[in-house]
Amino acid sequence: MAEKLFLGIDTSNYTTSAALCNEEGEILLNAKAPLPVKEGERGLRQSDAVFHHVKNLPLCSDKVRDTLNGAAGSLTAVGCSSTPRDNSGSYMPCFLAGVAAAEMTSSSTGLPLYKVSHQAGHVMAALASACKNNGVDIIETMSAPFIAFHVSGGTTDMLLCEPDAERIFKITQIGGTRDINGGQAIDRTGVLMGLRFPCGAEMDKAALEFSGKVRNDGLSVNGTWCNLSGLENKAAALYKETHSIQEVSAYTLNFIGRTLEKLTQNALTEYGKMPVLYAGGVMSSNYIKKRLMKYGMFADAQYSSDNAVGVALLCAELYRRDTIK
């Protein structure tokens, strides 16, 4: 019998992604096409993001076609990220490109379509990768509450994830940032130092090369909430003083890592001991990971940055649940 295959599409603000998985959760394709950001710029306008997604989607479609042609199975259902978060009113125009592609695929093939949030996709992809890396059963982990951090250029959220019959996860924000996001602080500092946006990977490498003592300035953490806007000014002042990309990168990532550590400690005190998952592009930083590994699980970098793997996995699970109702 031919195996069932599931397509996931994600069009975030910086990456066009498509993924294929089978019903056992094996990843057959994890295609990504970054959106171009001009040198010196710190991001993209939504109109530009939509335009670049429209150009990138055919490239991803070609990879989906080639993978399907070589697979011992057939496409069974389609999933896409339609909103940034599960919250009511959550919306970003960039996701409309992926929704349009998914709806066209579903309509032309008669296959079911499942819409999920970008955030839920991040959690699912990171959870699958982290559970595999740590020898943990993913079904068992999903059947009980766990805390997930989603830290990227667009979000710095602490999430309580609870089992949900309709959406796989019921995601409730229980903490995070009250101003700028961790990825924003990293990218703004990197661009200030002349690095190319997005700056995370280059700053992570530079931070790991720094051998001096890293300054530990005071954090702005109140319970499970934090403020990160002050970091940008402190990092700018330090760069003006030292002109050291390595030291400022270490300072920036150390500040964010210490902030996330304090948030983790406070959350486990308030909500009780439970598994902790770290997801999002910032969580692919090896510098930050060294500080937080003792608290929870991390995904491989390719499943922590923007991707459509989690959307495909959620699509497969939602289809499975529909077929046994």
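A charge sits over a ring if NZ of Lys or CZ of Arg is within 6 Å of the ring centre and within 35 degrees of the ring normal. This predicted model holds such a case. The charged end of arginine 178 sits over the ring of tryptophan 225. It lies 4.4 Å from the ring centre.

Next, the rings that pair with each other. Searching the whole structure gives six aromatic pairs. One of them joins tyrosine 251 and phenylalanine 255. Their ring centres are 6.3 Å apart, and their planes meet at 45°, so this pair is tilted. Both residues belong to helix H8, which covers residues 245-271. They are four residues apart, about one turn of the helix. Tyrosine 251 is buried, and phenylalanine 255 is buried too.

Turn now to the strands. Tyrosine 278 and phenylalanine 298 form a stacked aromatic pair. The distance from centre to centre is 4.8 Å, with 20° between the planes. This pair links distant parts of the chain, 20 residues apart. Tyrosine 278 lies in strand S11 (residues 276-279), whereas phenylalanine 298 lies in strand S12 (residues 297-298).

Are these two rings' residues buried or exposed? The cut-off for buried is under 20% relative accessible area. Tyrosine 278 has a relative accessible area of 0%, so it is buried. Phenylalanine 298 has 9%, so it is buried as well.

The stacked pair also has a further partner. Ring pairs link Phe149 with Tyr278 and Phe298 into a cluster.

Conventions: Residues numbered from 1 in each chain as written. Predicted model: local features only at pLDDT ≥ 70, side-chain atom pairs only at ≥ 80, totals over all residues. Heavy atoms only, no water. Phe/Tyr/Trp six-rings, centres within 6.5 Å; stacked < 30°, edge-to-face > 60°. Helix = DSSP H or I, 4+ residues; strand = E, 2+ residues; numbered from the N terminus. Buried < 20%, exposed > 50% of the residue type's maximum accessible area, 1.4 Å probe, protein only.
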